[in-house]
Amino acid sequence: MSLELRRITKTFGSFTANDEINLRVETGQIHAILGENGAGKSTLMNIVYGLLKADSGEILVDEKVIDISDPSDALRAGIGMVHQHFMLIPVFTVAENIVLGHEKTGKFGALDIETARSAIREVSKDFGFEVDPDAIVETLPVGIQQKVEIIRALIYEAKVLILDEPTAVLTPQETDELLKTMRELKAKGTSIIFITHKLREVREVADQITIIRRGKVVGAVSPQTSEGELASLMVGRTVDLAPEKHKHKIGEPILVAKDLTVRNALGAAVVKKVNFHVNAGEVLAVAGVQGNGQSELARALINLEDHIEGSILLSGEEIRGKSIYGSLHAGIAFIPESRELDGLVGSFSIAENLILDLHDQAPYTKGITLSAGVVLAEAEKKVKEFDIRLQSVSDAVSTLSGGNKQKVVIARELSRPVKVLVASQPTRGLDVGSIEFVHERILAERDAGRGVILFSTELDEVMALADRIAVMYRGEILDIVDSNVTREELGLLMAGVASKRVSA
Amino acid sequence: MRTSLAKFGQAIKLPGLSFALAFTLTGFTIAFSDAKVLSKIGSPLEFIKSAGATAGNAYLALFQGSIFDINLTKGHNFFQGFYPLSETIVIATPLILTGLSVALAFKSGLFNIGAQGQFIFGAIGASYVGFHFQLPIVIHVIAAALAGMALAAIWGGAVGLLKAKTGAHEVILTIMMNYIAGYFILWILKTSQFLRPGRIDPIAPEVNQSARLPLLAGANLRIHAGIFIALVAALFVWWLLTKTTIGYKFRAVGANGQAAKTAGISVPFVLTATMAICGALAGLGGAVQVLGSEHALNADIAGSFGFDAITVALLGRAQPLGTVFAALLFGALHAGGRTMQSNTGVPLDIVLVTQALIVLFIAAPTFVRFIFRLKKLNSSAGLTSKGWNG
């Protein structure tokens, strides 16, 4: 089945999310749509899937114009979608999730789950999936959960499958598995629309690549195009994909964690007796698949977790057990994982957000009153220094774009005397330009002789910035390796296979 | 100046429209609940005339009972005509203070249902210092008010401390502590320390003359200096929230507690300090009620000041100035309602209906916007309490 979009336009107020987009997906083709966050990829796919209505334009399936006004129309037309965030009920079994919304009943109104079971087995056999229809979804690894979504689409006879950022949550091995599945689906005649911003995957699997920037199609290229060219098309200017790791001086250990254990509210250890150190002038990356204790470890370094055991020495001084305020002012800058939830007060102005940690210190305060003039003047300085794009420092911080929000957080955290920078997923959800900025800033801090602990699930980022890489798996640091490790070795470590190499 | 005026206009637009809508609907309710009006339902013209007259009379009585009544000037000086306005302000005074207590808590993300109990402890403290000690004029009234505030601050602060230490929800804590306060005052009024000599009903001795707030407009009007205290308190809350580092912490925790915590702001401190200050405000309300208008502590001293405070704070969008206006409106409705009942026979409950409707429309801004086809503004909502999920 072929799918064609003709002159799709969608505006939200004065903002044009999709501007006359044309796209054609042939039968049995993997068509990648590449674009930055906010380029309009998701809007376009939501239109195709019937979640949004286009202002103008046509959708053609097998050369016939069809009307899609809700997802059930899309399903009937043979279009299935696997969302970035899975639409599964965690406590239901695989089979129960698959019949959801299409429940058929047998005698006396009993739910007919057997049909679904056999359908799942059939599809699994066809594609070589190993999915147990009676497994509870929340007990399955993320990669399998994704397969459940794909199976669901296939059972409802999707001929065009939309995969929205499918690799964001997967380990490198799971990603390879997914790419394999995509090729199998293609071989059996299913068309795939593959939405992503990861250049490597696109080049590996796509037949055709459409690049979207600011709501417009800016290029339709073949997978032979180089990564650098793809990135330039995506961003609209030449991009430095790998910041140069020039020689820098690595100093003495500045932060040492010994037997650090973090427990959750139920008392279970989510970080288990980890040992590591970071030297002055060094980037230690903590890699791992999301949810292996990295978030908790990062938070523990400023005593943000409630149950921490072990020791954290900052320049030889024990900081475990200090208040959060005490940890921050002892010399740790902290970029939290979620800037919206943990980094910023959305309704506060940019100026107010810049002093969240320093509001009760000179020069911002006189006695018990805030010096509004100083707060504004300092904010203006920070805005210049960190190139924060805004209308006025008195605007609510929630009006800024993701990249500028992150700059506010970084500007604030680096305005204290800093010994160690702890950055948790600092580029998540940012556009390429902002990612570049954050990377440069991290390297600048390193060059200035600070220790940097970078928590990241993005392998490319880890490889590009780190001097040493610690890999976390199920709350433990499996190994700490040199940055010249290969992708494959890192991938194995992230999947829990301990390396035989000697720790760096 | 123009922009701030426009801002003010925007700020009162919604409450103003809710207000108008509530009064219109209440007008219908008054007309349709009147037997005389309903008897004329046969002839439409007569019916409309009669309905209009009935509702009009009721609202005239409401005005006469809350602001100015020309009839009261006969045989007195002109000022006596403002007796209703004086009553409005007397009722509004404690309500401003309890309203501020609830509003300030909202700003820190807390839902303070406990103004009633805090009010009671404020009244107890002020009353005891007022009748038990002999102190010089001015100093006595200040000492009595401070005693009430201190007691109530401890009572309120305990809630914040409990929430900070144990995670217990402030709504449950304050509701339960209202019960305790309500029964505590019944008990303490029966003790020999508090029971007025020669009385068996629960009433304390009158506070000494030196501990009373001065009357503002002569012996015939009840209006007292408490209103100035309330206005200064409103100014204080505004200053605290917008100009001080403590207020900054309050607002940060109220708007995003997680981000505030991550940046090193002590959430337990904010919870405790907020509830202590809220307690002091509501307690000052209780003190002012005793020292300004009641003069003697009785079991019913708190009336529903602590509960109406929630409505007042909501109506005032948790802003200090808004709370003052909302409290005055409630004072007027209370004072005028009595006159409305006695002059026109419209039951006092109708006033409660009006109050309820105003609050309903304020609480459902989308509905009012829909009715008046207003565009949704980027309103910086004043309320940040997270209710049950907080």
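In this predicted model, the C-alpha centres of domain 1 of chain B and domain 2 of chain B lie 33 Å apart. The domain assignment places residues 12-65 together with 346-377 of chain B in domain 1, and residues 87-329 in domain 2. For the model as a whole, the scores are ipTM 0.85 and pTM 0.82.

Confidence in chain B averages a pLDDT of 90, and 95% of its residues score at least 70. Residues 377-382 of chain B, however, fall below a pLDDT of 50, and this stretch has 5 contacts in the model beyond near neighbours in sequence.

Chain A contains 17 helices and 22 strands. Its assignment gives domain 1 (3-235), domain 2 (250-331 + 417-504) and domain 3 (343-415). The centres of domain 1 of chain A and domain 3 of chain A, taken over C-alpha atoms, are separated by 40 Å. Along the principal axes, the C-alpha atoms of chain A occupy a box of roughly 70 × 50 × 50 Å. The radius of gyration of chain A is 25 Å, which agrees with the value near 23 Å for a compact globule of 504 residues. Of the 504 residues of chain A, 45% count as buried. Among contacts in chain A with a separation of 6 or more, 66% link residues 24 or more positions apart.

The contact between the chains draws 22 residues from chain A and 17 residues from chain B. On the side of chain A that touches chain B, the elements giving two or more residues are α10 (324-329), α11 (339-343) and β18 (369-370). By type, the residues on this side of chain A comprise 13 nonpolar, 6 polar and 3 charged.

Certain backbone features also merit attention, since most residues other than glycine have a negative phi, and most peptide bonds are trans. A cis peptide bond, with omega about 0 degrees, joins A:A362 and A:P363. A:P363 is situated in the loop between α12 (350-353) and β17 (365-366) of chain A. Two residues other than glycine with positive phi values are set out below.

| Residue | Phi | Loop | Other C-beta atoms within 10 Å |
|---|---|---|---|
| A:E165 | near 45 degrees | between β7 (160-164) and α6 (172-187) of chain A | 18 C-beta atoms |
| B:R317 | near 50 degrees | between α11 (305-315) and α12 (320-344) of chain B | 23 C-beta atoms |

A residue counts as buried if 20 or more other C-beta atoms lie within 10 Å of its own. With 23 such atoms, B:R317 is therefore buried, whereas A:E165, with 18, is partly exposed.

Terms used
Residues are numbered from 1 along each chain as its sequence is written. Chains are lettered from A and ligands numbered from 1 in the order in which they are written. This is a predicted model: local features need pLDDT of at least 70, side-chain atom pairs count only at pLDDT 80 or more; totals for chains, interfaces and linings use all residues. Two residues are in contact if their C-beta atoms, placed from the backbone, lie within 7 Å. Helices (H or I, at least four residues) and strands (E, at least two) are DSSP runs, numbered from the N terminus. Ala, Val, Leu, Ile, Met, Phe, Trp, Tyr, Cys and Pro count as nonpolar, Asp, Glu, Lys and Arg as charged, and the others, Gly among them, as polar. Domain bounds come from an automatic or database domain assignment. pLDDT is the predictor's confidence in each residue, from 0 to 100. The radius of gyration is taken over C-alpha atoms; the globule rule is 2.2 Å times the number of residues to the power 0.38. A residue is buried if 20 or more other C-beta atoms lie within 10 Å of its own, exposed if 12 or fewer, and partly exposed in between; C-beta atoms are placed from the backbone.
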